[in-house]
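Visitor: I should be grateful for a guided account of this structure, taken one element at a time. Please begin with the strands and proceed from there.

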Amino acid sequence: MNHANNEVLLEIQGLQKSYGGRNVLNQINLDVHKGEVVVILGPSGCGKSTLLRCLNGLESIQGGTIRFAGQDLTTEGVNWQKVRQQIGMVFQNYDLFPHMTVIENILLGPTKVQNKPRQEALQQAEQLLARVGLLERKDSYPRELSGGQKQRIAIVRALCMNPEIMLFDEVTAALDPEMVREVLDVILGLAKQGMTMLIVTHEMGFAQAVADRIVFLDAGKICETGKPADFFANPQTERAKQFLNRFQY
């Protein structure tokens, strides 16, 4: 699925994160190129979600640097509200405002935060809703939607900010199995269009289908990185072998 070019969009060097003296991320070094889809795999509690949260300024870091589009995000006075418009993030729980309709939820960011003209934002929102098959639900409230539909709305909401890169954190973890597919299809579609993405997932088949590169994390360290075909067929480390053995292909 490789659309990646040589431009490094995100550069992580020596990233350290600890909670109460316990290292959660230890010397993480990772470059993500424009148009590349990087899938982060690893056992629960290995630091995958924490890594994404550090990239979005939701967690403070204790060492190292994060550079995004040439800007150092680890210096004082970074305007995270602005950065988060370019680094979109979708979580396990979709966090839609229950008292607002789908379209109101989506338009809130572009019109209030980015001051986009409402008509322009609405046009983009409707195009994206059509793309994920939910245009007819634009006036529904979140309580009237299934989990899979809510998660697709959360993705549209993030895309309406026109981010440079998207972070997906276990976006199918809270869904019923039959709803997982519809969300993964949307993300596969984004990959085909060349969206730069960092994805944390437990869906191995999906990881194989969508990734340009697999990064395997264990105990806060990158143990292994490689192309999906190589990683799944022939993992280089004992730890990755053990991890993959838990999943039946």
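Visitor: How many bridges join strand E1 to E2?
Guide: This is a predicted model. Strand E1 covers residues 8-19, and E1 and E2 run antiparallel. Within this pairing, Val8 has its bridge partner in E2, namely His33. The number of bridges that join E1 to E2 is 8.

Visitor: Which are the edge strands of the sheet that contains E1 and E2?
Guide: The sheet is open and has 4 strands with antiparallel pairing, in the order E2-E1-E4-E5. An edge strand here pairs on one side only. The edge strands are therefore those that end this order, strand E2 (22-33) and strand E5 (71-72).

Visitor: Which strands of this sheet does H1 touch?
Guide: H1 packs on the sheet, and its direction makes about 120° with that of E1. The strands touched by H1 are E1, E2 and strand E4 (63-68).

Visitor: In what order do the strands of the 6-stranded sheet lie?
Guide: This sheet is open, and its pairing is mixed. Its edge strands, each pairing on one side only, are strand E6 (87-90) and strand E10 (221-226). From one strand to the next, the twist averages 20°. The order is E6-E7-E8-E3-E9-E10.

Visitor: Which residue of E7 is the bridge partner of Gly88?
Guide: E6 and strand E7 (residues 165-169) run parallel and are joined by 4 bridges. In E7, the partner of Gly88 is Met166.

Visitor: What angle does the direction of helix H6 make with that of E8?
Guide: Helix H1 (residues 48-55) packs on this sheet, where it touches strand E3 (37-41), E6, E7, strand E8 (196-200) and E9. Helix H6 (residues 177-192) also packs on the sheet, touching E3, E7 and E8. The direction of H6 makes an angle with that of E8 of about 150°.

Visitor: What is the handedness of the crossing in which H4 passes H5?
Guide: Helix H4 (residues 118-131) and helix H5 (residues 147-159) pack with their axes 10 Å apart. The angle between them is about 145°. The crossing is right-handed.

Visitor: How many nonpolar residues has the contact of H4 with H5?
Guide: From H4, the contact is made by Gln124, Ala125, Leu128, Leu129 and Arg131. From H5, Ile153, Val156 and Leu159 take part. By class, 1 residue is polar and 1 is charged, while the nonpolar residues number 6.

Visitor: Why is the pair of Phe216 and Phe231 called tilted?
Guide: The count of aromatic pairs comes to 3. In the pair of Phe216 and Phe231, the ring centres are 5.9 Å apart and the planes stand at 40°. Planes under 30 degrees apart count as stacked and those over 60 as edge-to-face, so the angle of 40° makes this pair tilted.

Visitor: How far apart in sequence are the parts that this pair ties together?
Guide: Phe216 lies in strand E9 (residues 213-218), whereas Phe231 lies in helix H8 (residues 228-233). Phe216 is buried, with a relative accessible area of 0%, and Phe231 is buried at 2%. The pair ties together parts whose separation in sequence is 15 residues.

Visitor: Which residues do the ring pairs link into a cluster?
Guide: Phe231 also pairs with Phe232, edge-to-face, at 5.4 Å centre to centre and with 85° between the planes. Phe232 is buried, because its relative accessible area of 11% falls under 20%. The cluster linked by ring pairs consists of Phe216, Phe231, Phe232 and Phe243.

Conventions:
Residues are numbered from 1 along each chain as its sequence is written. This is a predicted model: local features need pLDDT of at least 70, side-chain atom pairs count only at pLDDT 80 or more; totals for chains, interfaces and linings use all residues. Side-chain values use heavy atoms; hydrogens and water are left out. Rings of Phe, Tyr and Trp (its six-membered ring) pair if their centres lie within 6.5 Å; planes under 30 degrees apart count as stacked, over 60 as edge-to-face and the rest as tilted. Helices (H or I, at least four residues) and strands (E, at least two) are DSSP runs, numbered from the N terminus. Buried means under 20% relative accessible area, exposed over 50%, partly exposed in between (1.4 Å probe, protein chains only). Axes are lines fitted to C-alpha atoms, for helices over the stretch in contact, and angles run from 0 to 180 degrees between N-to-C directions. A crossing is left-handed if the near helix is turned anticlockwise from the far one by less than a right angle, and right-handed if clockwise. Contact means heavy atoms within 4.5 Å. Ala, Val, Leu, Ile, Met, Phe, Trp, Tyr, Cys and Pro count as nonpolar, Asp, Glu, Lys and Arg as charged, and the others, Gly among them, as polar. Two strands pair if DSSP finds at least two bridges between them.
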